[in-house]
There are 2 protein chains.
Amino acid sequence: MLDVAIIGGGPAALSAALNCRQRNKTVTIFGRSLDSSLLFAAEKVDNYLGLPDMAGEELLNTFYAHAMKNGVEFKEARISQIMSMGDSYMINAENEFIQAKAIILATGLSKSKGIAGEMEYLGKGVSYCATCDGMLYRGKKVVVVAENEEGEAEANFLADICSEVLYVPLYQPVLSLKDNVKVVNGKPKAVLGENDRVTGLELADETLGCDGIFFAKNSMPPESLLFGLETEGKNIVVNRKMETNLPRVYAAGDCTGAPYQIAKAVGEGLVAALSAAAAIDQLDREQQK
Amino acid sequence: MLDVAIIGGGPAALSAALNCRQRNKTVTIFGRSLDSSLLFAAEKVDNYLGLPDMAGEELLNTFYAHAMKNGVEFKEARISQIMSMGDSYMINAENEFIQAKAIILATGLSKSKGIAGEMEYLGKGVSYCATCDGMLYRGKKVVVVAENEEGEAEANFLADICSEVLYVPLYQPVLSLKDNVKVVNGKPKAVLGENDRVTGLELADETLGCDGIFFAKNSMPPESLLFGLETEGKNIVVNRKMETNLPRVYAAGDCTGAPYQIAKAVGEGLVAALSAAAAIDQLDREQQK
């Protein structure tokens, strides 16, 4: 089992990972490629103390090299869900399941809070993971809303289980769907429901009746990654130890709110790592009793 | 008038100063020499992301150079007091008085909370500044407790005003005291008082009756620098914006609590600077109305 799983890939994630290693913890970063970080595109950065006048890409590569030299593992993977297992967490990394004692969320700026009703019906018909939840919709009608082609695999999997699968692609081109998956073009507006269950998806021009809606997203709002995580607007709520409201779950960097700056992210990554390391040590001591 | 005065001289102070300059604010750091920073003595630091395997001295010099390149002024001076002037603060830097719109405290680890009674009788007979408060003790008996030879100037100044000056040196050698200053050797234990006024200083072996006690210290506990500053144990209380309980007074780095790490200090310095810059902009707008 991993000590610490870090979700991210920018400066907060790399600083957290480096400092987990300094405390002799095993750590894997689950992130997108480095060039997906907002920092990568920055032309010039001159306010990270000690590294004057660097291009964003150069700075990110310097950070990455420092972390790697210390034994950090970086796994390029999209995380669709993190489940609490009591004393540990189970991470779904593109259907590979990894267990970790502690989680550090360094997911950056959350780009979307989803459409109306999406959060409200999460776990009540809304899902982000066909592999996890598909079986709940055996013989039922579902809609897959996909921001990228990974949605196609989800839809094809569901096509073997569900009575009907509608596919709403938000990207082009759609490459390979099974024959019994029906493409519907339109812009999703709202998740509809009744009695605490999803009943349909409202598009700009029509409404699709259904029992479940699967979203395949480029980035996940953190509260949909981890059930029960406290957020305030787009920000994950943390205290000065970078603790969230969930045990052994920490957050660092842009996902905790402004200012969206490297030094803040790097500092918070360090604090989150030291808090995680201390909590793991305490858990280990308790379990040895 | 300065925009921002920073009290400190380590990584938090330098990061705060750099980021004040990035927001186009004038800024002066009032600090001790760089070699007085705890970091200066560190043999090797490898957990500040992007600058692997650096000696503390090298890292501090790198930080210093980066800040200076951006127009930060560094003034080697001991600060004995900061007074609120309503919309600004007045800083006493070895009897030069400087006004600033905002203050960032980056004073590092507070080494002492003082002796028993010291905080309780602050402003009621206890003082850290003979120039400021000496006149209040005209014709009275005072004790000067000095951790360094700067206490000698304080004592000599008081000798012209007070009826009797006792000098308790906590260093060696004592170099030049006026004839009417009497040296008393002993370890201070407690400030004594009655009816909200100082009545004496208790030493290990004797008690010195007096009307006032002046302390000349190597480092000042921050709550004695700035009247009314909220602390918790040795830490200055801050929120996530690095705001203290006083308007336009911020704190960053070790003085806000553990972990005592560079990345945390640098991140907090940045946050304090951006908060200060925003508050100054708002104050300026209000004053233009």
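These are my notebook entries on how chain A and chain B touch, plus a few backbone oddities.

**Ground rules.** I'm looking at a predicted model, so I kept in mind that local features need pLDDT of at least 70 and side-chain atom pairs count only at pLDDT 80 or more, while totals for chains, interfaces and linings use all residues. Residues are numbered from 1 along each chain as its sequence is written, chains are lettered from A and ligands numbered from 1 in the order in which they are written, and side-chain values use heavy atoms, with hydrogens and water left out.

**Entry 1: the contact.** I looked up who takes part, with contact meaning heavy atoms within 4.5 Å. Chain A brings 35 residues and chain B brings 35 residues. Next I checked the buried area, which is the accessible area (1.4 Å probe) that two parts lose on being put together, summed over both. For chain A and chain B that comes to about 2,700 Å², and carbon and sulfur atoms give 61% of it. Leu49(A), His66(A) and Arg240(A) supply 29% of the area that chain A buries against chain B, more than any other three residues.

**Entry 2: charges and polar pairs.** I went hunting for salt bridges (a side-chain nitrogen of Lys or Arg within 4 Å of a carboxyl oxygen of Asp or Glu). The rule finds four across this interface. One of them links Arg240(A) to Glu268(B), at 3.0 Å from N to O. I also looked up polar contacts, meaning pairs of N or O atoms within 3.5 Å; within protein, one must be able to donate a hydrogen and the other to accept it, and residues adjacent in sequence count only if both atoms are side-chain atoms. Between chain A and chain B, 16 residue pairs are in polar contact, both at pLDDT 80 or more.

**Entry 3: which helices?** Helices here are DSSP runs (H or I, at least four residues), strands likewise (E, at least two), numbered from the N terminus. In chain A, H1 (11-22), H2 (56-69) and H6 (262-288) each supply at least two residues of the side that touches chain B. H6(A) gives the most, with eight residues.

**Entry 4: backbone oddities.** I found a cis peptide bond between Ala258(A) and Pro259(A), with omega about -5°. Pro259(A) sits in the loop between strand S17 (249-251) and H6 of chain A. In chain B, the bond from Ala258(B) to Pro259(B) is cis too, with omega near -5°. I also noted Asp196(A), which has a positive phi of about 65° although it is not a glycine. Its loop runs between strand S11 (188-194) and strand S12 (197-203) of chain A.
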